[in-house]
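Reader: Please take one part of this model and go through it closely. I would like the strands, the packing around them and the charged pairs treated as one connected account.

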Amino acid sequence: MSNDHDEALARAFDAQAPRFERAPVQSDPAALERLVQFAGFPPGSRILDAGCGPGLVCGALLAAGYRVVGVDLSREMIERARRRCEPWGDRAEFHHLSLFDTALDDLAPFDGALSRYVVHHVIDPLAFAARQVHLMRAGGTLVISDHLTDPQPELAGHHEAIERARDQTHTTNLTGGQLVDLLYRAGLGQIAFLEESFELDFDEWFDRGTPRDSKDHVRAKLLTGPAIRGFRPSVQPDGSIRIDCLRGMVRGRKPTENAP
Ligand SMILES: C[S@@+](CC[C@H](N)C(=O)[O-])C[C@H]1O[C@@H](n2cnc3c(N)ncnc32)[C@H](O)[C@@H]1O
């Protein structure tokens, strides 16, 4: 592990792996299928899944006929990904590595790269995107998907404070526009963006986190705060709290020599 943040991520995801892979927001098969369709990788492509977690996205890519190489900081996540993707034999391989580990250069170039729900855990989103671009062949497609936040900085700040209170490894959520800019700054062209809504149940979401703050405090902060685009709570008739969220998917193409 290269730094304290990576070590904290590995510990957090080793511990939350069983809950994580059952969480509706991660495991929803229709959402996974929409992500694979949005990516539109050419048939037969070999795809890098950066921060593959328990292999849910890998499974969807494999079911669609692709080959995958999954990497993750968490050993527990990698073991779960291996077990989940066993039915696809040597079309899938998994490595307990950081995306930034130079050992990954020996497995490059990839035809495409994808990461879901990882950017809000990284310290430097541009370095994270640029590393994947570096590992792809010219003409390859990079896809990033993540929860979105509000374009107004003070509302994004309030959102971030809640996320950080619930999860010690949370860094920052981006807006849809910032995700698009990220791919542009990483040198990609032909950029496309899609936004969709999803719901979280407050208890399910909080209970698989690594909180800094008490559940009561986070709940109160959420319910008494301003209306945030992409993070809107409502109390349900049974007393549970639903949070209406947004996720973005962005894809871009690495230029070839002749076509930018
Ligand atoms: C929220 S989980 C998402 C898992 C999976 N992508 C999914 O959507 O089901 C984030 C994962 O990214 C991994 N991760 C974060 N930074 C990483 C890095 N630099 N290299 C490899 N894995 C990383 C974490 O260990 C964790 O398993």
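Author: What follows starts at one strand and works outward to the core, a loop and the salt bridges. The model is predicted.

The strand is S2, residues 67-71. Of its 5 residues, 4 are buried, so S2 is largely enclosed by the rest of the structure. S2 has a parallel partner in S1, and 5 bridges join the two. One of these pairings sets Ile-47 against Val-68 in S2. Between S1 and S2 the chain passes through helix H4, residues 56-63, in a β-α-β crossover that is right-handed.

S2 also pairs with strand S3, residues 92-95; these run parallel as well, with 4 bridges between them. Here Gly-70 has Phe-94 in S3 as its bridge partner. The chain gets from S2 to S3 by way of helix H5, residues 75-85, and this β-α-β crossover is likewise right-handed.

Next, the packing. In soluble globular proteins, nonpolar side chains tend to be buried together. The largest nonpolar core in this model has 28 residues. The members that touch the most others are Leu-48, Leu-99, Leu-104, Phe-128, Leu-142, Ile-144 and Leu-179. Strands S1 and S2 each supply at least two residues of this core, as do strand S4 (110-116), helix H6 (125-135), strand S5 (136-147), helix H8 and strand S8 (241-253). H6 gives the most, with 4 residues.

Phe-128 shows what such a position looks like in detail. Leaving out residues up to four places away in sequence, Phe-128 touches Ala-50, Leu-99, Phe-100, Ser-115, Val-118, Val-119 and Val-122. Another core, of 24 residues, lies apart from the largest one; Leu-32, Ala-39, Leu-56 and Ala-60 are among its members.

Val-119 and Val-122 appear again in the surroundings of Thr-171. With neighbours within four places in sequence set aside, the contacts of Thr-171 are His-5, Val-119, His-120, His-121, Val-122, Ile-123, Glu-160 and Arg-164. Thr-171 is in the loop between helix H7 (153-166) and helix H8 (176-185). Its relative accessibility is 9%, so Thr-171 counts as buried.

That leaves the charged pairs. The model has 16 salt bridges. One of them belongs to H5, the helix of the second crossover: Glu-76 and Arg-80 both lie there, 4 residues apart, or about one turn of the helix. Their closest N and O atoms are 2.8 Å apart. Glu-76 is partly exposed at 23% relative accessible area, while Arg-80 is buried at 16%.

Arg-242 takes part in two salt bridges. With Glu-199, the closest N and O atoms are 3.8 Å apart. Glu-199 lies in strand S6 (residues 189-201) and Arg-242 in strand S8, so this pair ties together parts that are 43 residues apart in sequence. With Asp-244, the closest N and O atoms of Arg-242 are 3.1 Å apart. Arg-242 is partly exposed, with a relative accessible area of 29%, and Asp-244 is also partly exposed, with 28%. Elsewhere, Glu-21, Glu-76, Arg-80 and Arg-84 are joined into one network by salt bridges that share partners.

Definitions and conventions:
Residues are numbered from 1 along each chain as its sequence is written. This is a predicted model: local features need pLDDT of at least 70, side-chain atom pairs count only at pLDDT 80 or more; totals for chains, interfaces and linings use all residues. Side-chain values use heavy atoms; hydrogens and water are left out. Buried means under 20% relative accessible area, exposed over 50%, partly exposed in between (1.4 Å probe, protein chains only). Contact means heavy atoms within 4.5 Å. A nonpolar core is a set of buried Ala, Val, Leu, Ile, Met, Phe, Trp, Tyr and Cys residues joined through side-chain atoms within 4.5 Å. Two strands pair if DSSP finds at least two bridges between them. A crossover is right-handed if, with the strands pointing away from the viewer, the path from the first strand over the helix to the second runs clockwise. A salt bridge is a side-chain nitrogen of Lys or Arg within 4 Å of a carboxyl oxygen of Asp or Glu.
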